[in-house]
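Thank you all for coming. I would like to take you through one chain this morning, going from the overall picture down to a few individual residues.

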Amino acid sequence: MKQLLLFFFALCLFAPKTDAQQLSNPNATKLSKVLYQNLHQLSKNYTLFGHQDDLAYGVGWKYTPNKSDIKDVVNDYPAVYGWDISKIEHNAAINIDGVPFTKMRQYIIDGYQRGAVITISWHFDNPLTGGSSWDTTRNTVKAILPGGEKHALFKTWLDRAAVFLHSLKGSKGEAIPILFRPFHELTGNWFWWGSHATTPEQMKQIWHFTADYLRKTKKLNQLILVYNTNDFKTEADFLRSYPGDDYVDVLSFDTYQFDANKKQDFINEIKRQAAIVTKLAATKKKLAAFAETGFENVPDTNWWTETLWPAIKDYPLSYVLVWRNAGYMPSTQKMHYYAPHRGQASEKDFVKFYQNKKILFEKSLSTKKIYQTK
């Protein structure tokens, strides 16, 4: 009996240990698994800084090789690059913001090759009406579920997205890991997949179908799935459309500042939301992220060190991403940007933010070798 107990003790002692943080896809690529594990380790002490469309354009320029508004200010690139594949569903040559998909592909490859992280969202048009993402006609999600009148169309859209996603490869032909954020801000009421246009059960069903179709049918095993909300008040509110741990890898939220006079309110709101999301992520062994934020045109000269940093510093958020620098927009007849550019009012404060040892940009991230096993 004693020998039998010693045998079982030895089995337990020398049995291979499983990683605590597993990707939801059992067939995930090795590279995606490595990135996910390393992001978990980094998030204990650091937050990566990201910027939407960073390499494609900025305030007063477009498609200039190696240029970036962020780089112009701190001589470094973001650690996370955000992109959107809206219009890929129509086989269009350019996305919703006018970026050619051929250029986007190269920008994604360039960022990955330098050791940065890539995240992709998708403002798909309304498949039921032909309107935009902001066409909130009810029952659109119901129409694209299996058996729905637009289900075949939706599969065609996923097929087209899959072709582009499969084309994102590194120098050795490896599939680039993508933090994929479909149906973003799903607790808001401004998209056709939002809370006012569908039900939580339908949202879960379409998430399941989309994830299964891309991962199992299209073999996109490099995708790291990001669940994303807006306007949530409680844990239950955040989770009301949650598709389950087997279909999510990152818990995230989006919140913007709109009023310069409500700085402390914004900080308090981010803290409240970050506390909920990071607690849930820890419980579920998922990553937590602040997937979108910013203050349009950054009118607060100390916004980076006196608003954003105080709001996030106490929480293990894997990354924080500010929205795009579109510059002057004729459609609204005003400037539209969320990161500083050379000469912008918050430029000096952003340099101080960059010097924060807890915030990682591309150069400091590249030393962490996040695509390599430790």
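Before anything else, let me fix one term: when I say that two residues are in contact, I mean that they have heavy atoms within 4.5 Å of each other. Please also keep in mind throughout that what you see is a predicted model.

With that in place, take Trp-83, which, if we leave aside its neighbours within four places in sequence, is in contact with a run from Gln-52 through Asp-53, Asp-54 and Leu-55 to Ala-56, with Met-104, Tyr-107 and Ile-108, and with Ile-118, Thr-119, Ile-120 and Ser-121. Trp-83 also belongs to the largest nonpolar core, which has 115 residues, and there it is one of those that touch the most other members, together with Leu-48, Phe-49, Ile-85, Val-117 and Ile-120. The element that gives the most to this core is helix H9, residues 263–284, with eight residues.

Stepping back to the whole chain, the secondary structure comes to 12 helices and 13 strands. The radius of gyration is 21 Å, close to the 21 Å that the globule rule gives for 374 residues, so the chain is as compact as a globular protein of that length. Its C-alpha trace spans about 80 × 55 × 45 Å along the principal axes, and 55% of the 374 residues count as buried. If we consider the contacts with a separation of 6 or more, 74% of them are accounted for by residues 24 or more positions apart. As for the surface, the chain exposes about 16,100 Å², of which carbon and sulfur atoms supply 54%, while the 47 positive and 36 negative charges have mean positions that are 7 Å apart.

Now to helix H10, residues 303–312, where seven of the 10 residues are buried, so that this helix is largely enclosed by the rest of the structure. The buried residues are Trp-303, Trp-304, Thr-307, Leu-308, Pro-310, Ala-311 and Ile-312. And what do the buried residues of H10 pack against? Their partners are strands E1 (47–52), E9 (287–293), E10 (319–322) and E13 (359–360), along with helices H9 and H11, the latter being residues 347–354.

The loop that leads from E9 to H10 contains Asn-297, a residue that has a positive phi of about 65° although it is not a glycine, and that counts as partly exposed at 23% relative accessibility. Tyr-63, in the loop between strand E3 (61–62) and helix H3 (69–74), likewise is not a glycine and has a positive phi, here of about 60°; its relative accessible area is 23%, which is partly exposed.

Is Gln-21, our next loop residue, buried or exposed? Gln-21 lies between helix H1 (2–14) and helix H2 (30–42), and its relative accessible area of 18% makes it buried, since the cut-off is under 20%. Beyond its neighbours within four places in sequence, Gln-21 is in contact with Tyr-36, Gln-37, His-40 and Lys-285.

I will finish with Val-141 in helix H5, residues 140–144, which is buried at 0% relative accessibility. Not counting residues up to four places away in sequence, Val-141 touches Trp-192, Trp-193, Thr-198, Gln-202 and Ile-206. Of these, Thr-198 is 57 residues from Val-141 in sequence, yet the two are 6.4 Å apart in space, C-alpha to C-alpha.

Technical notes: Residues numbered from 1 in each chain as written. Predicted model: local features only at pLDDT ≥ 70, side-chain atom pairs only at ≥ 80, totals over all residues. Heavy atoms only, no water. Helix = DSSP H or I, 4+ residues; strand = E, 2+ residues; numbered from the N terminus. Rg over C-alpha atoms; globule rule 2.2 N^0.38 Å. Buried < 20%, exposed > 50% of the residue type's maximum accessible area, 1.4 Å probe, protein only. Areas by Shrake-Rupley, 256 points an atom, 1.4 Å probe, with all protein chains shown as cover. Lys, Arg positive; Asp, Glu negative; His and termini not counted. Charge placed at Lys NZ, Arg CZ, Asp CG, Glu CD. Core = buried A, V, L, I, M, F, W, Y, C linked by side-chain atoms within 4.5 Å.
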